[in-house]
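Colleague: I'd like a close look at a single part of this protein, whichever one you think is worth the time. Pick it and talk me through it slowly.

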Amino acid sequence: MATGHAFRRLARRMLSNVPESTVYGGPRPQEAAAARRVTVTTLRGKHRRGEPITVVTAYDYPSAVHVDSAGIDVCLVGDSAAMVVHGHDTTLPISLDVMLEHCRAVARGASRPLLVGDLSFGCYESSSTQAVDSAVRVLKEGGMDAIKLEGGAPSRISAAKAIVEAGIAVMGHVGLTPQAISVLGGFRPQGKTVDSAIKVVETAIALQEAGCFSVVLECVPAPVAAAATSALKIPTIGIGAGPFCSGQVLVYHDLLGMMQHPHHAKVTPKFCKQFGNVGSVINKALSDYKQEVETRSFPGPSHTPYKITATDVDGFANALQKMGLGEAADAAAAAAENSENDGKPSENS
């Protein structure tokens with residue numbers, strides 16, 4: 001019985017979202033209803049009831065654990081990892097293989113949210129076949145439940161449709177699409193003119209018709225986002241798009257206030273509210289650690305848990321003496337004596 005329970009726990013960690021057992025029977029995990037896995041069906045229900053959907057972009061195991069514990073609906077493994085984690089100026093350099101590493105780490109850490117993996121630049125533009133092949137890898141190798149792709153060009157709409165027809169859930173993305181900065185001329189808000197605003201709405205509708213279960217609206221004016229949300233029958237997820245979307249998404253590092261140094265200002269967008277000041281906490285902890293190491297106050301007795309008896313210390317020292325390591329024997333004896341006192345090394349150690 002214990003072995004079976006351990007196996008189920010491992011299975012849940014290795015592949016985050018097992019499909020809802022609405023067709024196939026069998027035992028359900030003995031977890032509270034509140035901890036039930038989020039699926040596309042869950043999101044449709046929330047959207048139908050007018051309940052806001054929460055999304056956080058995360059890239060690794062520790063952040064996924066936090067997102068899971070907080071009860072967030074969707075964890076998006078975004079290609080923004082290229083900037084936030086790898087330090088690039090754009091999202092373009094990250095490859096599908098690197099994205100898969102991030103996806104696997106997140107899948108091991110988050111068992112409750114719907115997991116969505118970004119298709120990185122260059123892995124789906126050539127053809128619908130390439131797009132489907134990449135999407136399959138995101139699910140099979142990355143452990144995701146769905147994929148996200150950017151843009152509304154006819155080829156992107158065709159790719160989205162092909163992926164959906166292959167049996168994979170797709171989240172669309174319109175407005176500011178970072179993979180298209182070469183065409184957009186940089187990270188520029190979209191929908192600020194009549195033509196541009198109409199294009200945002202039309203593209204969102206086209207993605208819905210292609211079978212997308214949701215659409216991200218990034219960096220568009222609130223009235224444009226409101227219009228798109230009203231026009232669609234699927235949920236919209238806003239990021240820098242105002243309060244009228246069906247849900248909101250922010251990047252884990254941004255909302256926690258992790259990037260405090262001015263050199264990282266390019267990574268934290270203007271629309272992001274910092275719900276914490278984790279960067280300052282991290283900086284202080286690192287500074288305190290550095291100071292305690294330099295003053296030899298760390299590690300103290302409470303963080304030096306492993307002991308050796310006085311008899312074994314003597315035997316150890318004698319063995320070192322026989323090896324011709326007299327200074328090492330003296331150091332061991334002095335450390336043992338010191339541990340019995342205050343546990344701190346002397347200034348000349």
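Modeller: One term up front: buried means under 20% relative accessible area, exposed over 50%, and partly exposed in between (1.4 Å probe, protein chains only). This is a predicted model, where local features need pLDDT of at least 70 and side-chain atom pairs 80 or more, while totals for chains, interfaces and linings use all residues. Residues are numbered from 1 along each chain, and side-chain values use heavy atoms, without hydrogens or water.

For scale, 42% of the 349 residues in the protein are buried. The protein has 14 helices and eight strands (DSSP runs, H or I of at least four residues and E of at least two, numbered from the N terminus). Take contacts (heavy atoms within 4.5 Å) between residues at least 6 apart in sequence: 56% of them join residues at least 24 apart.

My pick is helix 10, which spans residues 222-231. Its buried residues are V224, A225, A228 and T229. They sit on the same side of helix 10, because the arc they cover around the axis (taken from the directions to the C-beta atoms) is only 135 degrees. The spacing fits the textbook picture: an α-helix has 3.6 residues a turn, so residues three or four places apart point the same way. Now go round to the other side of helix 10, and you'll find P223 and S230 exposed.

So what sits on top of that buried side? The cover for the buried residues of helix 10 includes helix 9 (194-209), strand 6 (214-218) and strand 7 (236-239). Helix 9 deserves a closer look. Its axis and that of helix 10 come within 9 Å and cross at roughly 30 degrees (lines fitted to C-alpha atoms over the stretch in contact; angles run from 0 to 180 degrees between N-to-C directions). The two helices are therefore roughly parallel to each other (under 35 degrees; over 145 is roughly antiparallel, 65 to 115 roughly perpendicular, the rest oblique). On your screen, look for A197, V200, V201 and I205 on the helix 9 side. They meet V224, A227, A228 and A231 of helix 10. Notice that V224 and A228 turn up in this meeting and also among the buried residues of helix 10.

Before you leave helix 10, step back into the loop that joins strand 6 to it, where you'll find C219. C219 isn't a glycine, yet its phi is positive, about 50 degrees. It counts as buried because its relative accessibility is 12%. In general, most residues other than glycine have a negative phi, and most peptide bonds are trans.

Both of those habits get broken again in the loop between helix 12 and helix 13 (310-322), where P299 is found. A cis peptide bond joins F298 and P299, with omega about 0 degrees. R296 has its place in that loop too. Phi of R296 is near 60 degrees, again positive in a residue other than glycine. With 35% relative accessibility, R296 counts as partly exposed.

Last stop is V278 in helix 12 (residues 278-294). V278 is partly exposed because its relative accessibility is 27%. Apart from neighbours within four places in sequence, V278 is in contact with L256, G257 and M258. Of those, L256 is 22 residues away from V278 in sequence, with 5.7 Å between the two C-alpha atoms.
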